[in-house]
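Please open the structure in your viewer and keep the selection tool at hand. The stops below are meant to be taken in order.

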Amino acid sequence: MKDIFKNKKSVLIYTEDINKKGAIDLILNYGYDNGFIKDLRTTSYEIYKREELGSTGIGDGVAIPHAKLNDIEGVVVVFGYFTKGVDFESVDGEKVYFIFLILTEAKNTTLHLKTLSCISKLIKNTEFKDMVKNAKTTEEIHKILNSLWDKVV
C-alpha cells in the first residue's frame with residue numbers, strides 16, 4: 001500500500017469544463033494510456049456498473065469511482081484534479097474537483113476496503129485539498145500525495 005503513488009504518471013490535471021461521463025472516460029483512458037489499466041473495456045464496464053448503483057461522488061469535492069477486477073494485481077489508484085469541477089451527482093450536490101480511480105484485484109476485498117479507508121483519511125485532511133489546489137504541476141501533486149499518503153496508511 002505504501003507504493004500506490006510511486007509512479008508519477010498516476011496523477012493528472014484537467015483544466016477544462018467536463019461532465020461526469022467525460023471525466024470518468026478521461027481518467028479511464030489516461031489510466032489505460034499510461035499502463036495502469038490492461039483491459040479498458042472491462043474496466044469501463046465495471047466502473048459504470050458501480051456508478052449505476054449510486055454516484056461515487058461522496059461529497060466535499062471528492063469522487064471515488066472504484067471496481068474490483070480479475071486482471072489487476074494488488075491495487076491501482078489514478079488521481080485526477082479537475083480545476084473547474086465536475087457535476088458528479090455527488091451526495092451533497094456540489095462539484096467534484098478530486099477524483100480517485102481505484103482498481104483492486106477481485107479476490108482481495110480487504111485491500112479494496114483498506115484503500116477506500118486510507119483515501120477517506122486523506123481527504124478529511126483539509127491540508128491535502130488546499131495543497132493540491134495550490135499546486136501547478138502533476139509533479140507537485142504527486143509529491144503531495146506521496147508525503148501525505150504515508151501518514152494515512
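The tour that follows goes from charged pairs to a helix, then to strands and rings.

This is a predicted model, in which local features need pLDDT of at least 70 and side-chain atom pairs count only at pLDDT 80 or more, while totals for chains, interfaces and linings use all residues. Residues are numbered from 1 along each chain as its sequence is written, and side-chain values use heavy atoms, with hydrogens and water left out.

**Stop 1: charged pairs**

Begin with salt bridges, each being a side-chain nitrogen of Lys or Arg within 4 Å of a carboxyl oxygen of Asp or Glu; a search of the whole structure finds five of them. Select K20 and E51, whose closest N and O atoms are 2.9 Å apart in one such salt bridge. Because K20 lies in helix α1 (residues 20-33) and E51 in helix α2 (residues 40-53), this pair ties together parts that are 31 residues apart in sequence. Helices (H or I, at least four residues) and strands (E, at least two) are DSSP runs, numbered from the N terminus. Both K20 and E51 are buried, where buried means under 20% relative accessible area, exposed means over 50%, and partly exposed lies in between (1.4 Å probe, protein chains only). Stay with K20 and add F88, since the charged end of K20 sits over the ring of F88 at 5.1 Å from its centre; this relation requires NZ of Lys or CZ of Arg within 6 Å of the ring centre and within 35 degrees of the ring normal.

Next select D25 and K21, which form a salt bridge with the closest N and O atoms 2.6 Å apart. D25 and K21 both belong to helix α1 and stand four residues apart, about one turn of the helix. D25 is partly exposed, with a relative accessible area of 22%.

Then move to D60 and K129, another salt bridge, in which the closest N and O atoms are 2.5 Å apart. This pair links distant parts of the chain, with D60 in the loop between β2 (57-59) and β3 (62-63) and K129 in helix α4 (residues 126-134), 69 residues apart. Is D60 buried or exposed? D60 is exposed, with a relative accessible area of 56%, whereas K129 is buried at 10%.

**Stop 2: helix α4**

With K129 still selected, show the whole of α4, whose buried residues are F128, K129 and V132. These residues cover an arc of only 95° around the axis, which puts them on the same side of α4; the arc is that of the directions from the helix axis to the C-beta atoms. Turn the helix round to find the exposed residues T126 and N134 on the face turned away from its buried side. To see what the buried residues of α4 pack against, display β3, β5 (75-86), β6 (96-105), α3 (109-124) and α5 (138-152).

**Stop 3: a residue in α5**

Select H142, which lies in helix α5 and is buried, with a relative accessible area of 7%. Leaving aside neighbours within four places in sequence, H142 is in contact (heavy atoms within 4.5 Å) with F5, K6, N7, K8, S10 and V11.

**Stop 4: strand β5 and its partners**

Now show β5, which is mostly covered, as ten of its twelve residues are buried. Strand β1 (residues 11-14) and β5 pair in the parallel sense over four bridges, pairing being counted if DSSP finds at least two bridges between two strands. V11 has F79 as its bridge partner in β5. The strands β5 and β6 run antiparallel and are joined by eight bridges, and here V78 stands opposite L101 in β6.

**Stop 5: aromatic rings**

Finally, colour the rings of Phe, Tyr and Trp (its six-membered ring), which pair if their centres lie within 6.5 Å; planes under 30 degrees apart count as stacked, over 60 as edge-to-face and the rest as tilted. By this rule the count comes to seven aromatic pairs. One of them joins Y81 and F98, which are stacked at 5.6 Å centre to centre with 15° between the planes. Y81 lies in strand β5 and F98 in strand β6, so the pair ties together parts that are 17 residues apart in sequence. F98 is buried, with a relative accessible area of 1%. The rings of F98 and F128 have centres 5.9 Å apart and planes at 50°, so this pair is tilted. To end, select F79, Y81, F98, F100 and F128 together, a cluster linked by ring pairs.
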